[in-house]
Amino acid sequence: MSDESRLETAEEFHARVAAATDAEGRLPVAFEEMPGWDIFPFELDGLRIKPLQPLADAEPARRGEDPADCWCHQEEVPARIADNVLWSNERWLVTLDHQMRLPMSCNLMPREHCDLGAVPSHLSGEMGALIVALSAAIESLPSVGRSQLAKYGDGGAHLHLFFFGRPDRMLQLRGSTMLDWEENLPAVPLEVLRANAAYVAEQLVDAVGGDGPVWA
Ligand SMILES: [Zn+2]
Ligand SMILES: [Zn+2]
């Protein structure tokens, strides 16, 4: 094992942040950074940062932290996943998120339980190929300018990569603040999302095989 004893601790990192806060525990807003760009969705007037919270004792357990409790070990894939599969093969699923207000929002996840830091070697190469093919498919949608890719994993322990289609030529939605815009946009009709998803699935089947939408 490598030696961690000389590396900064979580307490030390948090203490430096806390030392930069004001009497109310608030950090100053970095107005010259993202808030100063046209991609920042909010006006700066009155903008302030919430008081810094104390360091948590531990990272909270996530859904499916114990694989035995995870959806992947239920007898059947639960409906919230199974009903939204836009593409699949024996090892992977891509699910449409129809709550999100973008031309395309979907998750790529393995059927087998793992998180990103522990993807087994029999899946990691295929994951790379799927990221490439899915990104290309999303960017081929006429209403999408760019496909964004994210991994958070703070809610569920079972690996799920997020793909977000950024609306074409809506330049204010570029970059990492797109999701701050997204929930303020009007809902996209389900038939529009499903048509986009079916088109993405066609490109995926052409590129890597597998099956298209469960609802088709
Ligand atoms: Zn799982
Ligand atoms: Zn398993």
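Modeller: Before we start, domain bounds here come from an automatic or database domain assignment, and the model is a predicted one.

Biologist: Fine. Which domains does the assignment give?

Modeller: Domain 1 covers 8-58, and domain 2 covers 67-208.

Biologist: How far apart are their centres?

Modeller: The C-alpha centres of domain 1 and domain 2 are 30 Å apart. Six residues of domain 1 and seven residues of domain 2 take part in the contact.

Biologist: What area is buried between domain 1 and domain 2?

Modeller: About 560 Å², with carbon and sulfur atoms giving 64% of that.

Biologist: Which three residues supply most on the domain 1 side?

Modeller: Asp38, Ile39 and Pro41. Together they supply 74% of the area domain 1 buries against domain 2, more than any other three residues.

Biologist: How many salt bridges between domain 1 and domain 2?

Modeller: Zero. The interface does have two residue pairs in polar contact, both at pLDDT 80 or more. On the side of domain 1 that touches domain 2, five residues are nonpolar, none is polar and one is charged.

Biologist: Switching to the metal. What coordinates the zinc ion (ligand 1)?

Modeller: Cys70 and Cys72 through SG, His113 and His158 through ND1, at 2.0 to 2.4 Å.

Biologist: Why is the arrangement around the zinc ion called tetrahedral?

Modeller: Because the four donor atoms subtend angles of 106 to 116°, and the rule asks that all angles lie between 85 and 135 degrees.

Biologist: And how are the donor residues spaced in sequence?

Modeller: For the zinc ion (ligand 1) the spacing is C-x1-C-x40-H-x44-H.

Technical notes: Residues are numbered from 1 along each chain as its sequence is written. Chains are lettered from A and ligands numbered from 1 in the order in which they are written. This is a predicted model: local features need pLDDT of at least 70, side-chain atom pairs count only at pLDDT 80 or more; totals for chains, interfaces and linings use all residues. Side-chain values use heavy atoms; hydrogens and water are left out. Contact means heavy atoms within 4.5 Å. Buried area is the accessible area (1.4 Å probe) that two parts lose on being put together, summed over both. A salt bridge is a side-chain nitrogen of Lys or Arg within 4 Å of a carboxyl oxygen of Asp or Glu. A polar contact is a pair of N or O atoms within 3.5 Å; within protein, one must be able to donate a hydrogen and the other to accept it, and residues adjacent in sequence count only if both atoms are side-chain atoms. Ala, Val, Leu, Ile, Met, Phe, Trp, Tyr, Cys and Pro count as nonpolar, Asp, Glu, Lys and Arg as charged, and the others, Gly among them, as polar. Donors are N, O and S atoms within 2.8 Å of the metal (3.2 Å for Na, K and Ca); water is not among the atoms, so sites may look incomplete. Four donors count as tetrahedral if all angles lie between 85 and 135 degrees; four count as square planar and six as octahedral if opposite donors are over 155 degrees apart and all others between 65 and 115; anything else is irregular.
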